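Okay, thanks for having me, everyone. I'd like to walk you through one protein chain today, and I'll keep it informal.

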Amino acid sequence: MGLTTEAQRSHKGPQRCLRYNHHVKNLLLPPSEKRKQFELRALALRDFAGVDGSQPLDPFALAHFARLLVVDFDQVEGLSPESRTHLLGAGGNEWSGGACSRTLPNGWRLVILNPAHGVQRNRATLMEEIAHVFLGHKPNRLAVIGRNATVREGATTRETLAREYNHADEEAAYAVGAAALVPYAALRSLVFQGRQSPDIARRFRVSRQLAEYRIKVTHLWADYRSLQNRER
Ligand SMILES: [Zn+2]
């Protein structure tokens, strides 16, 4: 949908607006069929969490329902000082977190997040683990996973080395998790308001990279860029 259509729409009468809002609430989904499916699952997750369209979603509150126990990296025992230093230092970019495939006696699974990545990236990593659970994915081995939102689509190198789910499940969990954090309808509205990605990211409490990844995969990038240029 072009910019003109968007501008025209906002100048229609109240009845139109109402219908438009109704449409937004129920049907406004990204253009591609694959993204539509991811978005519907993400919206179901947000519904479950009880957050409305533009509120940020807190994965730490949802983790409980997915029976995921988030533990602090510092609480992990059995790591040598060398391993610890490597995982937080030179190797800190190679992993962002992961869930143990084996469950605890009470049925919960442990999730460890990389403290060096900051809370915004931790939220995306945890959201992906939650999505795996809600989508019913079955992990096949213990692993720590590398993540990079900007090269995520089509990236294979790091994932291949440390994948714990099959490729389709990995893609779906990451995409659904990201969509749950940054839902399309609210994102689209912010893009058409001419908001910049750091501002959008702040609203949803995610990294700028994740906000831009969402703008791109939902086909809003061209509109985003042209609005940004116009504003300058
Ligand atoms: Zn995963």
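I'll start with the overall make-up, then go to the sheet, then the helices that pack together, and finish with a few single residues.

First, keep in mind that what you're looking at is a predicted model. The chain has twelve helices and three strands. Of its 232 residues, 32% count as buried. And here's a number about how the chain folds back on itself: take the contacts with a separation of 6 or more, and 71% of them are between residues 24 or more positions apart.

Now, the sheet. How do the three strands line up? The order is β1-β3-β2, the sheet is open, and the pairing is mixed. As a reminder for the first-years, strands of a sheet pair through backbone hydrogen bonds, and they can do that either parallel or antiparallel. β1 and β2 stand at the edges with a single partner strand each, so one side of each has no neighbour in the sheet. From one strand to the next, the twist averages 20 degrees.

Let's take the two pairings in turn. β1 covers residues 68–71 and β3 covers residues 109–113, and these two pair in the parallel sense over four bridges. If you want to find that on your screen, look for L69, whose bridge partner in β3 is L110. You can also look for V70, which stands opposite V111 in β3.

On the other side we have β2, residues 97–99, which runs antiparallel to β3 and is joined to it by three bridges. Here the residue to look for is A99, and it stands opposite V111 in β3. So V111 faces V70 and also faces A99.

What packs on this sheet? That's helix α6, which touches β1, β2 and β3. The direction of α6 makes about 155 degrees with that of β3.

Let's stay with α6, because this helix, residues 118–134, also packs against helix α8, residues 167–181. Their axes are 8 Å apart, and the angle between them is about 120 degrees. That angle makes α6 oblique to α8. The crossing is right-handed. Which residues of α6 make the contact? They are R123, A124, M127, E128, I130, A131 and H132. On the α8 side you have D169, A173, Y174, V176, G177, A178, A180 and L181. Sort the residues of this contact by class and you get ten nonpolar, two polar and three charged.

α8 has another helix packed against it, and that's α3, residues 33–49. The axes of α3 and α8 are 8 Å apart, with an angle of about 55 degrees. α3 and α8 are therefore oblique to each other, and their crossing is right-handed. In α3, the residues that meet α8 are F38, E39, R41, A42, L45 and R46. Their counterparts in α8 are A172, A175, V176, A179 and A180. By class, that contact has eight nonpolar residues, no polar ones and three charged. If you were jotting down names, V176 and A180 take part in the contact with α6 and in the one with α3.

Okay, on to single residues. G118 sits in helix α6. Is G118 buried or exposed? It's exposed, because just 11 other C-beta atoms lie within 10 Å, and the cut-off for exposed is 12 or fewer. Although G118 and S96 are 22 residues apart along the chain, their C-alpha atoms are separated by 9.9 Å.

Next, some backbone angles. Most residues other than glycine have a negative phi. R67 isn't a glycine, yet its phi is positive, near 55 degrees. You'll find R67 in the loop between α4 and β1. R67 counts as partly exposed, with 14 C-beta neighbours inside 10 Å.

H219 is another one: its phi is positive, about 65 degrees, although it is not a glycine. H219 lies in the loop between α11 and α12. With 15 other C-beta atoms within 10 Å, H219 is partly exposed. Helix α11 itself, residues 208–217, has these buried residues: L210, A211, Y213, R214, I215 and V217.

That's my tour, so go ahead and turn the model around for yourselves.

How values were computed: Residues are numbered from 1 along each chain as its sequence is written. This is a predicted model: local features need pLDDT of at least 70, side-chain atom pairs count only at pLDDT 80 or more; totals for chains, interfaces and linings use all residues. Two strands pair if DSSP finds at least two bridges between them. A residue is buried if 20 or more other C-beta atoms lie within 10 Å of its own, exposed if 12 or fewer, and partly exposed in between; C-beta atoms are placed from the backbone. Two residues are in contact if their C-beta atoms, placed from the backbone, lie within 7 Å. Axes are lines fitted to C-alpha atoms, for helices over the stretch in contact, and angles run from 0 to 180 degrees between N-to-C directions. Angles under 35 degrees count as roughly parallel, over 145 as roughly antiparallel, 65 to 115 as roughly perpendicular and the rest as oblique. A crossing is left-handed if the near helix is turned anticlockwise from the far one by less than a right angle, and right-handed if clockwise. Ala, Val, Leu, Ile, Met, Phe, Trp, Tyr, Cys and Pro count as nonpolar, Asp, Glu, Lys and Arg as charged, and the others, Gly among them, as polar.
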